[in-house]
Amino acid sequence: MALSENEKKYFMKEAIYEAIQAERIGEVPIGCVIVWKGKIISRGHNLREHSQNATMHAELLAIQEANDAVGSWRLPEAQLFVTLEPCPMCSGAIINARVKEVYYGAPDPKAGTVGTLMNLLTDKRFNHQVKVEQGLLKEQCARLLKNFFKQIRKRRKQQKKIK
């Protein structure tokens, strides 16, 4: 089922909402939703700091919840919306889950593997390729991350002044 531009924006705004939930608890603001047959079936946002678990990325949490929702590790009709370009670990999970489409907002110049450093999702050497659309609500997604890290730098600078 092809999504309209309005539907894509709606689902990315839901991923942005998840990113804001992460930011509210001090996590890097990255959010993800997975859509199946036009409906959101799962959500996730980063929980690495709270869990102290390197695998608690928004995409992995959303994929696990989607697997439970459909009763299968395969997600061949799924459309994944995430605010930041997936890393190698998340790209691997997306391929292994057989996700159909990925839409992401901001590129990740340090770890992005859906077009920035490489593109794992469309690499023909893998047994599954994923349709990718990049830059959906890019400015909003990037602004969340920039503001988050700006605030961290500001706090660190203030703490240095106090010492």
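1. Val 28 is a convenient place to enter this structure, since Val 28 is found in the loop between α1, which covers residues 5-24, and β1, which covers residues 31-36. The model is a predicted one, and the remarks below should be read with that in mind.

2. The surroundings of Val 28 bring together separate parts of the sequence. Once its neighbours within four places in sequence are left aside, Val 28 is in contact with Ala 22, Asn 46, Leu 145, Phe 148 and Phe 149. The C-alpha atom of Val 28 is separated by 10 Å from that of Lys 146, although these two residues are 118 residues apart along the chain.

3. The pairing of α1 with α5 deserves attention next. Helix α5 comprises residues 138-162, and α1 packs with α5 at an angle of about 10 degrees, their axes being 10 Å apart. Angles under 35 degrees count as roughly parallel, and α1 and α5 are therefore roughly parallel to each other. From α1 the contact draws on Met 12, Ile 16, Ala 19, Ile 20 and Glu 23, while α5 supplies Gln 140, Cys 141, Leu 144 and Phe 148; sorted by class, the contact has seven nonpolar residues, one polar residue and one charged residue. Phe 148 thus appears in the contact with α1 and also in the list of residues that Val 28 touches.

4. A second helix pair is formed by α3 (residues 58-70) and α4 (residues 88-96), which pack at an angle of about 20 degrees with their axes 9 Å apart. These two helices are therefore also roughly parallel to each other, and α3 passes α4 in a left-handed crossing. On the α3 side Glu 59, Leu 60 and Ile 63 take part, and they meet Met 89, Cys 90, Ala 93 and Ile 94 of α4. By class, this contact has six nonpolar residues and one charged residue, with no polar residue.

5. As for the overall layout, the secondary structure of the chain comes to five helices and five strands, and, read along the sequence, these elements follow the pattern α-β-β-α-α-β-α-β-β-α.

6. On overall dimensions, a compact globule of 163 residues would have a radius of gyration near 15 Å, and the chain, with 16 Å, agrees with this. The C-alpha trace spans about 55 × 30 × 30 Å along its principal axes.

7. Regarding annotation, an unreviewed UniProt entry places the feature "domain: CMP/dCMP-type deaminase" at residues 6-115. Over residues 6-115 the chain is 41% helix and 24% strand, and the end C-alpha atoms are 24 Å apart.

Definitions and conventions. Residues are numbered from 1 along each chain as its sequence is written. This is a predicted model: local features need pLDDT of at least 70, side-chain atom pairs count only at pLDDT 80 or more; totals for chains, interfaces and linings use all residues. Side-chain values use heavy atoms; hydrogens and water are left out. Axes are lines fitted to C-alpha atoms, for helices over the stretch in contact, and angles run from 0 to 180 degrees between N-to-C directions. Helices (H or I, at least four residues) and strands (E, at least two) are DSSP runs, numbered from the N terminus. Angles under 35 degrees count as roughly parallel, over 145 as roughly antiparallel, 65 to 115 as roughly perpendicular and the rest as oblique. A crossing is left-handed if the near helix is turned anticlockwise from the far one by less than a right angle, and right-handed if clockwise. Contact means heavy atoms within 4.5 Å. Ala, Val, Leu, Ile, Met, Phe, Trp, Tyr, Cys and Pro count as nonpolar, Asp, Glu, Lys and Arg as charged, and the others, Gly among them, as polar. UniProt positions are given in the numbering used here, feature names are shortened, and annotations may be inferred rather than shown by experiment. The radius of gyration is taken over C-alpha atoms; the globule rule is 2.2 Å times the number of residues to the power 0.38.
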